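Me: I am a first-year student, and I would like a close look at one part of this structure. Could you go slowly and explain each term when you use it?

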Amino acid sequence: MQADEMEVPIINNINSNCNKQRPLPNGRDVFKNLLKDWESSMESPNLEFEYGDTDSLTAELSEIYSYTEEPEFALNRDYFEEDFRSHGVFDECDTDTDVIHWSRHNVFLLYDMGVFTALLELLSMEMDNNQACSSAVRKPAISLADSTELRVLLSIMYLMVETIRLQTEDDRPEWRTAREAFKTELGSPLYNGEPFSLLLFTMVTKFCSMNAPHFPMKKVLLLLWKTILFTMGGFEELQEMKVRGRERLSLPPLPEDSIKVIRSMRAASPPASAMELIEQQQQAKRGRRSRRSAFVDSLEGDSPFPKKQPLVKQDSLDTYNERDPFKNDDARDEEEDGEEADSGIEGEVDPLDRDVIIQPPPPPPPLRPPTERASLPKGLPWAPKVREKDIEHFLETSRNKFIGFTLGNDTETLVGLPRPIHESVKTLKQHKYVSIAEMQIKREEELQQCPMTLGEEDVDETPTEILYLGMLPNLSQYVIALLKLLLAAAPTSKAKTDSINILADVLPEEMPITVLQSMKLGIDVNRHKEIIVKAISALLLLLLKHLKLNHIYQFEIVSQHLVFANCIPLILKFFNQNIMSYISAKNSICVLDFPHCVVHEMPELTAESLEAGDSNQFCWRNLFSCINLLRILNKLTKWKHSRTMMLVVFKSAPILKRALKVKQAMMQLYVLKLLKIQTKYLGRQWRKSNMKTMSAIYQKVRHRLNDDWAYGNDIDARPWDFQAEECALRESIEKFNSRRYDKNQNGEFAPVDNCLQSVLGQRVELPEDFHYSYEMWLEREVFSQPIQWEGLLQQAQ
């Protein structure tokens, strides 16, 4: 055995002996140990977060109220006791649970009495109050006092929608019936011929156009989100609808339940700590030492290797080797490279990486203990998928290579191809997946080609279809308005003079004069913005998912409006911050949350109690918003080459990699998905320097059998034209909308009656006032008009 082959076991034996009898540490070792202890205490923990449609009922109800509205609860009590003096039943609840219980009872009672319809009429009157709108436009500063009536109406309607929406096991039968009736009522065009959601969309556009700056936009957005969630259904209902849709189209069942798979996934470890970065800097200064010199140093007590591990951690090596080609050259990015450089995600070291770390290659026995490998997942979480296009492309390439010609879209004929190609095609077909969207596109092509043969399409009047039909004329305005609000509420946005004011329903009439009041208002403003981001992100995600299931081209038009309104760079700008600080933000004052503040005595607030915040490990709404925005970004870019290239051009890789610091499996999954689709365009050096990220993608993201995402072969030969791809998609969308919703476009195919007697004998419906104006019409249009008989004769010839 050569000396180099003996070094690793020798070093391991020496390290094990040193563990039994260590020499006294020097100053450098003491500093390292202290820093390592500090880093371990600061390491991001696993976030016990369960993603769902909403947070708990108490949390959702509390977010409708700002902390500056807290004094109005006492005012409401005075009004109640004044009007119901003989039936005074206010303040009879002792706990938050009692408040929720009796408020549920009262909400169903109010609905049975028709209160929601009355509130809707009052809301329409307030929207049409031109005097209030013009007064708000002229005011230099808008406060809570300018939206008192609107806030009361929207708060009651929100409490009713959110309470009735949530179904519990102990609901009475009449409550279940009322819930279904209310759900149908909200989703149907019963309010002036349009659904209730469209009325709220109108309030959003009116606010963003600066015609009604006093509208309480947070309440409007929360009510709009919960109305769509109630009428269309949440994520579990979407999954059930998808299963039923596949059964209706005679498609095979889904390979797995995506909700269950994601919930069972475990988060990966966060990136490298500062201790590992320091170790790598010291390793770089020493240069590459041979193993023999390292062995001698270890005998002298000054080994450059850690005591328990003779090899450098792969994570820190990834950090040291990372040379991101998309980093800016400014000082800020250089500072972030030193502090927040991504080292991938911890896991088992790849064998190719070991060859880089250890030269010459290691002996056959593993360098890591087998117990660590046993903790790794035994199988991939997702079943691989193959599209029909992938099989066609594979056969086209194989035929060109072996027989010199192709057979178009034929995927059955395998004559002339070698046996391994037969096996490959068989494997691809075993994992073939046909989506509902592909079936819808195929059906639309058939309807476009054979309109007379296939006739008109039967369209179900679902809540999604009704809402899309109402939104279609002003769809771009709705999308732009939502993105304007999202931009104004993003923590990375800077205040501008021409930006919209989203704080109209949180700022008091009198600005704070003490430090404590200023701190309270600051927390309230930050909380206000977080709630707006939460509502918009959840609203957009729900719309996209429901529209995609209803019809793919409905989804595509909304997606295209989002892309044209710069939604992709907006989301990337949102994540270009310290995302850990945003998720762990404590912008809440528990004693002021509803219903706690109306049940318990208000304690004295201090600066220390405000700074401490709550004891939660993370902020549910902020983590919820981040996941929603990542899912929206995934939906906008999936299978869209030009939009994927936008991610590359906007240098999203460093931004997305920093989001991997959040130790939550679902958020990491969608970050890795976004990194996967652009990996092949980031270059070989990027992939080599981020092998841990590549390994995490392999472990957590679904595989497409023909996808060369990890290699990027022949990618330079594929040009991309953003305008051409989007224009082709827009043409298909317009054909779909014209065929389905333009009722006049089939006029040329209608039968024509050529019989003069039949035409003259038809009964024509005339307006009631026709006989009053008939003689005047004859005089003006017939008798007073000169007839050019010569021209008529010439035309006849």
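Reply: What follows is a walk through the packed interior, beginning with its nonpolar core. This is a predicted model, in which local features need pLDDT of at least 70 and side-chain atom pairs count only at pLDDT 80 or more, while totals for chains, interfaces and linings use all residues. Residues are numbered from 1 along each chain as its sequence is written, and side-chain values use heavy atoms, with hydrogens and water left out.

A nonpolar core is a set of buried Ala, Val, Leu, Ile, Met, Phe, Trp, Tyr and Cys residues joined through side-chain atoms within 4.5 Å, where buried means under 20% relative accessible area, exposed over 50%, and partly exposed in between, using a 1.4 Å probe and protein chains only. The largest such core has 156 residues, and the members that touch the most others are F196, L485, F575 and M667. Helix α26, covering residues 515-550, gives the most to this core, with 15 residues; helices (H or I, at least four residues) are DSSP runs numbered from the N terminus.

Turning to M667, and taking contact as heavy atoms within 4.5 Å, we find that this residue touches F575, I579, I583, L623, C626, I627, L630, A659 and V662, leaving aside residues up to four places away in sequence.

One of those partners, C626, is buried, with a relative accessible area of 0%. A disulfide is a pair of cysteine sulfur atoms within 2.5 Å, and the structure holds 0 of them. For C626, the closest cysteine sulfur is in C619, at 9.5 Å, which is too far for a bond. C619 is buried as well, with a relative accessible area of 9%.

Another partner of M667 is L630, whose backbone oxygen lies 2.9 Å from a polar atom of the side chain of N634. That distance fits a polar contact, a pair of N or O atoms within 3.5 Å, of which, within protein, one must be able to donate a hydrogen and the other to accept it, and residues adjacent in sequence count only if both atoms are side-chain atoms. N634 belongs to helix α32, residues 620-637, and counts as buried at 12% relative accessibility. With residues up to four places away in sequence again set aside, N634 touches Y670, K673 and L674.

Terms used. Helix = DSSP H or I, 4+ residues; strand = E, 2+ residues; numbered from the N terminus.
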